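Me: I want to learn how the labels on a structure are earned. Let me ask, and you set each value against its cut-off.

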Amino acid sequence: MVAADRTRLGGGGGLTVDLRVEFPLGDSQGYVDVFNATGETYPDVSGLPIPGRGFMAGIRTPFGR
């Protein structure tokens, strides 16, 4: 878990939380990531809104055995 306080001088910003869950899959390792789990919305330094909540899943597998 990674939590980041992104409060800026003069106001704005917020708290974002990223999470990762890993689990075994035979000889491989599976994972699920959640980005911005709190669903914070605020403009980044360029004035554009930060991305909302996002997910990613994958499998790491050994090669060359």
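Me: Why is Asn36 called buried?

Reply: This is a predicted model, and the value is computed from it. Asn36 has a relative accessible area of 6%. Buried means under 20%. The value 6% falls under that cut-off, so Asn36 counts as buried.

Me: Where is Asn36 found?

Reply: Asn36 is in the loop between β3 and β4. Asn36 has a positive phi of about 50 degrees, although it is not a glycine.

Me: Which residues does Asn36 touch, leaving out those up to four places away in sequence?

Reply: They are Thr16, Val17, Asp18, Ile50, Pro51, Gly52 and Arg53.

Me: What makes the link from Asn36 to Pro51 a polar contact?

Reply: The side chain of Asn36 reaches the backbone oxygen of Pro51 at 3.0 Å. A polar contact needs N or O atoms within 3.5 Å, one able to donate a hydrogen and the other to accept it. The 3.0 Å distance is within the limit, so the link counts.

Me: How far apart are Val17 and Asn36?

Reply: In sequence, Val17 and Asn36 are 19 residues apart. In space, their C-alpha atoms are 5.1 Å apart.

Me: Why does Val17 count as buried?

Reply: Val17 lies in strand β2. Its relative accessibility is 12%. The cut-off for buried is under 20%, so Val17 qualifies. Val17 touches Met1, Val2 and Ala3, among others. Its contacts also include Val34, Phe35 and Asn36.

Me: What makes β2 and β3 a pair of strands?

Reply: Two strands pair if at least two bridges are found between them. Strand β2 (residues 15–25) and strand β3 (residues 28–35) have seven bridges. Seven meets the demand for at least two, so β2 and β3 pair. Their sense is antiparallel. One of the bridges links Glu22 with Tyr31 in β3.

Me: What lies between β2 and β3 in the hairpin?

Reply: Two residues lie between them. Gly26, in the turn, has a positive phi of about 65 degrees.

Me: How do you know that β3 pairs with β4?

Reply: Use the bridge test again. Seven bridges join β3 to β4. At least two are needed, so β3 and β4 pair. These strands run antiparallel. Tyr31 stands opposite Gly58 in β4.

Me: What makes the charge of Arg20 sit over the ring of Tyr31?

Reply: The charged end of Arg20 is 4.3 Å from the ring centre of Tyr31. The limit is within 6 Å of the ring centre, and within 35 degrees of the ring normal. The distance is within the limit, and the pair is reported as a charge over a ring, so the label holds.

Me: What joins Arg20 and Asp33?

Reply: A polar contact of 2.6 Å joins their side chains. The limit is within 3.5 Å, so the distance fits.

Me: Is Asp33 buried or exposed?

Reply: Asp33 has its place in strand β3. Its relative accessibility is 5%. That is under 20%, so Asp33 counts as buried. Beyond its neighbours within four places in sequence, Asp33 is in contact with Leu19, Arg20, Gly54, Phe55 and Met56.

Me: Why is Tyr42 called buried?

Reply: Tyr42 is placed in the loop between β3 and β4. Its relative accessible area is 7%. Buried means under 20%, so Tyr42 is buried. Tyr42 and Gly52 are 10 residues apart along the chain, and their C-alpha atoms are separated by 9.6 Å.

Me: How many helices and strands does the protein chain have?

Reply: The protein chain has zero helices and four strands. From the N terminus on, the elements run β-β-β-β.

Me: Where is confidence lowest, and where is it highest?

Reply: Confidence is lowest in strand β1 (residues 2–5), at a mean pLDDT of 72. It is highest in strand β4 (residues 54–60), at 97. The protein chain averages a pLDDT of 85.

Terms used:
Residues numbered from 1 in each chain as written. Predicted model: local features only at pLDDT ≥ 70, side-chain atom pairs only at ≥ 80, totals over all residues. Heavy atoms only, no water. Buried < 20%, exposed > 50% of the residue type's maximum accessible area, 1.4 Å probe, protein only. Contact = heavy atoms within 4.5 Å. pLDDT = per-residue confidence, 0-100.
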